[in-house]
Amino acid sequence: MDLINENLIQINVMLKDKNEVINELAEMLYNDERTCNKEGLIQDILKREEEFSTSMGLGVAIPHAHTEHVNKPSLIFIKLSEAISWGNDDNVELIFGIANPSTNISNDHLKILAELARKLMDDEFRGKLVSIEDKKEALKIVSFLNNCI
Amino acid sequence: MKKIIGVCACPAGIAHTYMAAESLERYGRKLGYEVKIETNGAGGVENRLDEDDIKNADFVIIAADTSVETERFIGKPLIETSVSEAVRNAANIFEKIANKDVEIYKGGR
């Protein structure tokens, strides 16, 4: 039961704003049979965004939800072809989406967030992310997060 | 070796808190300081500073967007800043330390 696979990765995709990104997240989770309620999932992610923007200030946003609308802990990675505005950061290019089932009381999404947040401060890691060219490479770079669950 | 301690706290959850802590730890160590940062995030308090940490510290950095217990740092040179400043601009914070542009904390905030 992997946290992330190639179906949950998109590289150099064009999405014009935050809402398009979040819709795309839900679509990808649906296509990988991790949600059967895209709308419910979108609402849960947007609700979290309203409480506090998940833009991290380094070109990275981490939209996430602890939600009944996914069936397993899931991570999505999207690298945009053009940076967009997201909350207080107008230059977001890298998106990590995290969805954890609400039936999972172990707070896996928090563990993933914590691990990812620390790793994002590593210049070398961020450098690798922005130069990713394909899904296979992306999977290799983010697979360490599988160890969080 | 000079010892720097700090507290990072953000009401928005845990990611910013850890990023700020990581940023201060990395930058401080790069400059040759011993660094210990306590995090107060949605996951509770981690890496809590104990009495010895505080006693032996040369400088204290508070990077918080919410209130943290600061009475324990009375008498210490202390810098207050925001979480985002710690994430984006750790260099500025450590420049103040290098220039000793830091006031002794007197409490009563």
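**Backbone twists, a helix pair and lone cysteines**

Let's start with Lys100(B), which is exposed at a relative accessible area of 59%. Exposed means over 50%, buried means under 20% and partly exposed is in between, using a 1.4 Å probe and protein chains only. You're looking at a predicted model, where local features need pLDDT of at least 70 and side-chain atom pairs count only at pLDDT 80 or more, while totals for chains, interfaces and linings use all residues. Residues are numbered from 1 along each chain as its sequence is written, chains are lettered from A and ligands numbered from 1 in the order in which they are written, and side-chain values use heavy atoms, leaving out hydrogens and water.

Back to Lys100(B): its phi is positive, near 55 degrees, though the residue is not a glycine. You'll find Lys100(B) in the loop between α4 (90–98) and β6 (103–104) of chain B. Helices here are DSSP runs of H or I with at least four residues, strands are runs of E with at least two, and both are numbered from the N terminus. Asn47(B), another non-glycine, has a positive phi of about 55 degrees. Asn47(B) sits in the loop between β3 (44–46) and α2 (51–56) of chain B, and it counts as partly exposed at 44% relative accessibility.

Now for a spot where the chains meet. Two packed helices are described by the angle between their axes and the distance between the axes. Helix α3 of chain A (residues 108–120) and helix α1 of chain B (residues 15–30) have axes that come within 8 Å and cross at roughly 35 degrees. Those axes are lines fitted to C-alpha atoms over the stretch in contact, with angles running from 0 to 180 degrees between N-to-C directions. On the α3(A) side, the residues in contact (heavy atoms within 4.5 Å) include Leu113(A) and Arg118(A), and on the α1(B) side they include Tyr18(B) and Glu22(B). The residues of this contact split into eight nonpolar, no polar and four charged. Nonpolar covers Ala, Val, Leu, Ile, Met, Phe, Trp, Tyr, Cys and Pro; charged covers Asp, Glu, Lys and Arg; the others, Gly among them, are polar.

What about disulfides? There are zero over all chains, taking a disulfide as a pair of cysteine sulfur atoms within 2.5 Å. Cys148(A) can't form one because its closest cysteine sulfur, in Cys10(B), is 20 Å away, too far for a bond. Cys148(A) is buried at 12% relative accessibility, whereas Cys36(A) is exposed at 75%.
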